[in-house]
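Visitor: I'm new to protein structures, and I'd like to learn how to read one. Could you walk me through this one?

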Amino acid sequence: MAFTLYSLLQASLLIVNAVAVLHEERFLRHVGWGSDQGIGGFGEEPGIKAQLTNLIRSIRTVMRCKGTIFSIIIIITITICN
């Protein structure tokens with residue numbers, strides 16, 4: 001299998017889907033990345049952990065429905081091409 005733009009898009013879709021299905025109480029809180037952890041004070045710059053937690057939460061919020069639609073499109077194109 002050659003490394004193409006299509007395979008790069010597939011890999012990124014799989015990663016986004018993996019992040020979108022993470023459950024906060026089951027997985028993230030046990031690792032120490034829950035929503036109540038890493039809260040800084042007023043005026044402080046958020047740390048790396050807080051920024052990654054916000055990124056994960058944003059991906060989960062935005063990509064739940066869109067990720068499903070993109071996955072269906074990828075599955076249909078793979079089925080048609082093969």
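Guide: Sure, and let's begin with a term. Helices are DSSP runs of at least four residues, numbered from the N terminus. With that in hand, you can place Val21: it lies in the loop between H1 and H2. Keep in mind that this is a predicted model.

Visitor: How many helices and strands are there in the protein chain?

Guide: The protein chain has three helices and zero strands. Read from the N terminus on, the order is α-α-α. H1 covers residues 5-20, helix H2 covers 24-31, and H3 covers residues 48-81.

Visitor: Back to that loop residue. Is Val21 buried or exposed?

Guide: Here you need the cut-offs: buried means under 20% relative accessible area, exposed means over 50%, and partly exposed is in between. Val21 has 66% relative accessibility, so it counts as exposed. Val21 also has a partner far along the chain: Ile59 is 38 residues apart from it in sequence, with 9.7 Å between their C-alpha atoms.

Visitor: And what share of the residues of the protein chain count as buried?

Guide: Of the 82 residues, 21% count as buried. The protein chain exposes about 6400 Å², and carbon and sulfur atoms supply 70% of that.

Visitor: Which residues make a nonpolar surface patch?

Guide: Phe3, Leu5, Leu8 and Leu9 make one of about 470 Å². Take Leu8, which sits in helix H1. Its relative accessibility is 45%, so Leu8 counts as partly exposed.

Visitor: How do I tell whether a helix is straight or bent?

Guide: Compare its end-to-end span with the span expected at 1.5 Å a residue. H1, with 16 residues, reaches 22 Å from its first C-alpha to its last, close to the expected 22 Å. Now try H3: a straight helix of 34 residues would span 50 Å, but H3 spans only 41 Å between its end C-alpha atoms.

Visitor: Where is the kink in H3 centred?

Guide: On Met63, and the kink is about 60°. Met63 is also one of the buried residues of H3.

Visitor: Which other residues of H3 are buried?

Guide: Besides Met63, they are Ala50, Thr53, Ile56, Arg60, Gly67, Ser71 and Ile74. What covers the buried residues of H3 includes H1 and helix H2.

Visitor: Arg60 is on that list. Why does Arg60 count as buried?

Guide: Its relative accessible area is 13%, so Arg60 falls under the 20% cut-off. To see what is around Arg60, skip its neighbours within four places in sequence: Arg60 is then in contact with Val19, Ala20, Leu22 and Glu24. Here's another pair to find: Arg60 and His23 are 37 residues apart along the chain, yet their C-alpha atoms are separated by 9.2 Å.

Visitor: Which residues does Ser71 touch?

Guide: Ser71 touches Leu13 and Asn17, not counting residues up to four places away in sequence. At 17% relative accessibility, Ser71 counts as buried.

Visitor: Can we try one that isn't buried?

Guide: Ile78 is a good pick, and it lies in helix H3. At 31% relative accessibility, Ile78 counts as partly exposed. With residues up to four places away in sequence left out, Ile78 touches Tyr6 and Gln10.

Visitor: Now flip the view to H1. Which residues of H1 are buried?

Guide: Ser7, Gln10, Leu13, Val19 and Ala20. The buried residues of H1 pack against H3. You've met some of these already: Gln10 is touched by Ile78, Leu13 by Ser71, and Val19 and Ala20 are in contact with Arg60.

Visitor: What share of the contacts in the protein chain joins residues at least 24 apart?

Guide: Among contacts between residues at least 6 apart in sequence, 59% join residues at least 24 apart. The contact of Arg60 with Val19 is one to look up in the structure.

Key: Residues numbered from 1 in each chain as written. Predicted model: local features only at pLDDT ≥ 70, side-chain atom pairs only at ≥ 80, totals over all residues. Heavy atoms only, no water. Helix = DSSP H or I, 4+ residues; strand = E, 2+ residues; numbered from the N terminus. Buried < 20%, exposed > 50% of the residue type's maximum accessible area, 1.4 Å probe, protein only. Contact = heavy atoms within 4.5 Å. Areas by Shrake-Rupley, 256 points an atom, 1.4 Å probe, with all protein chains shown as cover. Patch = residues over 30% accessible without salt bridge, like charges linked within 9 Å, V, L, I, M, F, W, Y side chains within 5 Å. Salt bridge = Lys/Arg side-chain N within 4 Å of Asp/Glu carboxyl O. Expected span 1.5 Å × (residues − 1). Bend = angle between axes of the 7 residues up to and from the residue.
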